[in-house]
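This briefing goes through selected side chains and their surroundings, topic by topic. Please keep the sequence and the structure in view while reading.

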Amino acid sequence: MPEHEGKSDSHSAGRRFPAKFGPRPRLTLFEGLAVLVVLGGAALMIIPFIWMVSAALKDSTTFYNPDWFSRPLHWENFGQILTRLNFGLYVLNTLKITALATLGTLASCSLTAFALARFKFPGRDALFGFILVSIFLPSQVTLVPTFIIFKNLGIYNSHLPLIIPAFFGNAFGIFLLRQYFLTIPEELSDAAKVDGCGPFRLFYQIYLPLVKPVLITLAILTFQGTWGDIMNPLIYLTDQSLFTMVLGLRLIAKSQFLPQPQLEIAGNLLLILPVMLIYLFAQRYFTQSIQTTGMKG
């Protein structure tokens, strides 16, 4: 019996375990520095958010207290935001503008990008070059002409000036989608054309499902930009019943309210919460689109 045990011990001692159970390889100096830089960048992003949560739970007397999460925590600040500012109406206005602007951006950019990627017509490359150049044009340059146009059309002080421009596309969205369309093999469209597939059917049945990650990425970016936009609503909206969430939060700083910065911070937390949730649930599509979008063409 002891002989058998000795053989078994020697057999197990000489057995090789899979590599995955072995010791982890040590990080190189460069990899260690890269990890430190990433952790430092993450801390720089997270610490201000934690401070916002702490400041939102204070009252006006302890707001400037350097201590974080001072007791007692005033959760009622969020309730005051929801009740005293007609916050529900502002949320509905923001949702309406953001949803329509996102829909318009996706529709116009995808159609334009598809045409620039798959249709051959005179001046196509020059048109795409002009679109690329417009990326470097500051929005402030077209602010006054656009305002005059909407003013003459009689749609000033309405949501239309915040929605209509999205249905004319934007340079970044067109560029992003066009580059993705170019990575799809042309043989796919040739086979569909042989089966009698027309241009529009080719677009929405063949190409559109394949660019789902980029569409979601563009939707996230458009949602983020429209949801928190303050410049355009500030220019075109004067009636408080049309205000968005950002303009509604500005009312706290006006004379009819006592200085209550903790309410402004609480409102800003409610403002950024939907954007954070959407990104958390859709981040895999976001990273996928970055990895697969080529620079062809």
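In which loop is H74 found? H74 lies in the loop that runs between α2 (29–56) and α3 (76–84). The model is a predicted one, and the points below take up two histidines, helix α3, the salt bridges and the aromatic rings.

**H74 and its loop**

- With a relative accessible area of 14%, H74 is buried, because the limit for that class is under 20%.
- The side chain of H74 makes a polar contact of 2.7 Å with the side chain of E76, and E76 belongs to the range given for α3 (76–84).
- When residues up to four places away in sequence are not counted, H74 touches A56, L57, K58 and D59.

**Helix α3**

- The buried residues of α3 are N77, F78 and I81, and because they cover an arc of only 105° around the axis, they are placed on the same side of the helix.
- A general point about helix geometry helps in reading this: an α-helix has 3.6 residues a turn, so residues three or four places apart point the same way.
- Just after α3, the backbone at N86 takes a positive phi of about 55°.

**H159 and its partners**

- H159 is found in the loop between α6 (143–152) and α7 (160–163), where H159 counts as buried at 6% relative accessibility.
- Two polar partners can be named for the side chain of H159: the side chain of K96, in a polar contact of 3.3 Å, and the backbone oxygen of L242, reached at 2.9 Å.
- Leaving aside its neighbours within four places in sequence, H159 is in contact with N93, K96, I97, L237 and L242, a list in which both K96 and L242 appear again.

**Salt bridges**

- How many salt bridges does a search of the whole structure find? The search finds two.
- One of them joins the side chains of E186 and R118, at 3.5 Å from N to O, and this pair links distant parts of the chain, with E186 in helix α9 (residues 186–194) and R118 in helix α4 (residues 87–118), 68 residues apart.
- The partners in that bridge fall into separate accessibility classes, since E186 is partly exposed at 46% relative accessibility, whereas R118 is buried with a relative accessible area of 16%.
- D125 forms a salt bridge with R124, in which the closest N and O atoms are 3.7 Å apart, and D125 counts as exposed at 55% relative accessibility.

**Aromatic rings**

- A search of the whole structure finds 16 aromatic pairs, among them F63 and Y64, whose rings are arranged edge-to-face with 5.0 Å from centre to centre and 85° between the planes.
- Is each ring of that pair buried or exposed? F63 is buried, with a relative accessible area of 11%, whereas Y64 is exposed, with a relative accessible area of 69%.
- Ring pairs also link F114, F119, F181, F200, F203, Y204 and Y207 into a cluster.
- A charged side chain accompanies another ring, for R178 lies over the face of F128, at 3.9 Å from the ring centre.

Terms used. Residues are numbered from 1 along each chain as its sequence is written. This is a predicted model: local features need pLDDT of at least 70, side-chain atom pairs count only at pLDDT 80 or more; totals for chains, interfaces and linings use all residues. Side-chain values use heavy atoms; hydrogens and water are left out. Rings of Phe, Tyr and Trp (its six-membered ring) pair if their centres lie within 6.5 Å; planes under 30 degrees apart count as stacked, over 60 as edge-to-face and the rest as tilted. Buried means under 20% relative accessible area, exposed over 50%, partly exposed in between (1.4 Å probe, protein chains only). A charge sits over a ring if NZ of Lys or CZ of Arg is within 6 Å of the ring centre and within 35 degrees of the ring normal. Helices (H or I, at least four residues) and strands (E, at least two) are DSSP runs, numbered from the N terminus. A polar contact is a pair of N or O atoms within 3.5 Å; within protein, one must be able to donate a hydrogen and the other to accept it, and residues adjacent in sequence count only if both atoms are side-chain atoms. Contact means heavy atoms within 4.5 Å. A salt bridge is a side-chain nitrogen of Lys or Arg within 4 Å of a carboxyl oxygen of Asp or Glu. The arc is that of the directions from the helix axis to the C-beta atoms.
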